[in-house]
Amino acid sequence: VLLGREAEVELLHQLCREVEGGSGRCVVISGEAGMGKSRLALELQDHLAACAWRVHCGYCYSHTVADPFAPWIHVLTSFFDISPTDSIDTRTEKVLAALERLGPDLVETAPLLNTLLTVSIPQTDVVRSLDAEKRGRRLFQLVQEVLQAASADSPLAVLLEDLHWADHSSVGLINYIARSLGSFRILLCLTHRPKEGLGLD
């Protein structure tokens with residue numbers, strides 16, 4: 001346990017137990033640079049690994065502040081077990097196989113992941129019928145449903161770090177997921193430096 005952080009670590013462990021019991025939770029670790037946010041997050045990851053959780057991490061950087069969904073691309077790449085060396089065909093096969101396993105209905109809107117994950121899922125009638133605004137909403141819904149379906153197999157944690165560098169779309173998706181945690185075994189853990197107008201609910 002981190003020295004001097006026993007109370008914070010115990011709180012994180014308590015939240016994990018609540019998630020394991022069927023209550024989704026969102027936790028925010030906020031503090032200035034050098035205050036130990038990353039060390040707390042690493043301690044949490046070690047604990048979750050020891051408890052056989054699935055953990056997917058996303059990171060924001062100063063140079064990706066204008067890149068849509070930058071941290072979520074990390075999360076989804078990890079979720080679908082995509083390697084940087086995978087061909088587009090291999091990436092596509094991995095995504096489709098995972099979605100079909102989690103819920104065949106998810107495949108209907110799977111082409112919305114094409115740009116994010118550099119995959120080539122054939123367009124469907126459903127996706128063709130969507131305008132830009134509806135495509136955005138359905139993408140949020142797809143990510144939400146993917147995480148919810150996966151949490152039925154084992155508790156799942158999504159760790160998103162340095163959100164003071166997050167783009168607007170990433171924060172929007174975070175808020176959407178956080179509002180829908182409900183009884184799903186999902187822990188959403190967010191770290192950021194204090195920032196005016198970050199936009200988190």
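# A tour of helix packing and buried residues

Begin by selecting Thr 191, which is found in strand β4, residues 186-192. The model on display is a predicted one. Thr 191 has a relative accessibility of 1% and therefore counts as buried, the limit being under 20%. Display the neighbours next: leaving aside residues up to four places away in sequence, Thr 191 touches Ile 29, Lys 37, Ala 41, Leu 159, Leu 160, Glu 161, Asp 162 and Leu 163.

**Ile 174 in helix α8**

Move now to Ile 174, located in helix α8, which covers residues 168-179. Is Ile 174 buried or exposed? Ile 174 counts as buried, because its relative accessibility is 1%. With residues up to four places away in sequence again set aside, the contacts of Ile 174 are Trp 72, Leu 160, Leu 163, Leu 188, Leu 190 and Leu 200. Leu 160 and Leu 163 are also among the residues that Thr 191 touches. For a distance check, draw a line from the C-alpha of Ile 174 to that of Ala 149: the two residues are 17 Å apart in space and 25 residues apart in sequence.

**Helices α7 and α8**

Keep α8 selected and add α7, residues 132-150. The two axes come within 10 Å and cross at roughly 50 degrees. This angle makes α7 oblique to α8. Viewed as a crossing, α7 passes α8 in the right-handed sense. On the α7 side, select Phe 140, Gln 141, Val 143, Gln 144 and Leu 147; on the α8 side, they meet Ser 169, Gly 172, Leu 173, Tyr 176 and Ile 177. Colouring this contact by class shows six nonpolar, four polar and no charged residues.

**Helices α3 and α7**

Retain α7 and turn to α3, residues 70-79. Here the axes come within 13 Å, with a crossing of roughly 40 degrees. The helices α3 and α7 are therefore oblique to each other, and their crossing is left-handed. From α3, the contact is made by Trp 72, Leu 76 and Phe 79; from α7, by Val 143, Val 146, Leu 147 and Ala 150. How many polar residues does the contact of α3 with α7 have? There are no polar residues and no charged ones, while seven are nonpolar. Two of the names in this selection have appeared before: Val 143 and Leu 147 also belong to the α7 side of the contact with α8, and Trp 72 is one of the residues touched by Ile 174.

**Aromatic rings**

Show the aromatic side chains next. A search of the whole structure finds three aromatic pairs. In one of them, Phe 79 and Phe 80 have ring centres 5.1 Å apart and planes at 80 degrees, so the pair is edge-to-face. Phe 79 is buried, at a relative accessible area of 7%, and Phe 80 is buried as well, at 4%. Then select Phe 69, Phe 140 and Tyr 176, which ring pairs link into a cluster. Phe 140 and Tyr 176 also take part in the contact between α7 and α8.

**Helices α1 and α2**

For the last stop, select helix α1, residues 6-20, and helix α2, residues 37-50. They pack at an angle of about 40 degrees, and their axes are 11 Å apart. The two helices are therefore oblique to each other, and α1 passes α2 in a right-handed crossing. Glu 8, Val 9, Leu 12, His 13 and Cys 16 of α1 meet Leu 40, Glu 43, Leu 44, His 47 and Leu 48 of α2. By class, this contact of α1 with α2 has six nonpolar, two polar and two charged residues.

Notes:
Residues are numbered from 1 along each chain as its sequence is written. This is a predicted model: local features need pLDDT of at least 70, side-chain atom pairs count only at pLDDT 80 or more; totals for chains, interfaces and linings use all residues. Side-chain values use heavy atoms; hydrogens and water are left out. Axes are lines fitted to C-alpha atoms, for helices over the stretch in contact, and angles run from 0 to 180 degrees between N-to-C directions. Helices (H or I, at least four residues) and strands (E, at least two) are DSSP runs, numbered from the N terminus. Angles under 35 degrees count as roughly parallel, over 145 as roughly antiparallel, 65 to 115 as roughly perpendicular and the rest as oblique. A crossing is left-handed if the near helix is turned anticlockwise from the far one by less than a right angle, and right-handed if clockwise. Contact means heavy atoms within 4.5 Å. Ala, Val, Leu, Ile, Met, Phe, Trp, Tyr, Cys and Pro count as nonpolar, Asp, Glu, Lys and Arg as charged, and the others, Gly among them, as polar. Buried means under 20% relative accessible area, exposed over 50%, partly exposed in between (1.4 Å probe, protein chains only). Rings of Phe, Tyr and Trp (its six-membered ring) pair if their centres lie within 6.5 Å; planes under 30 degrees apart count as stacked, over 60 as edge-to-face and the rest as tilted.
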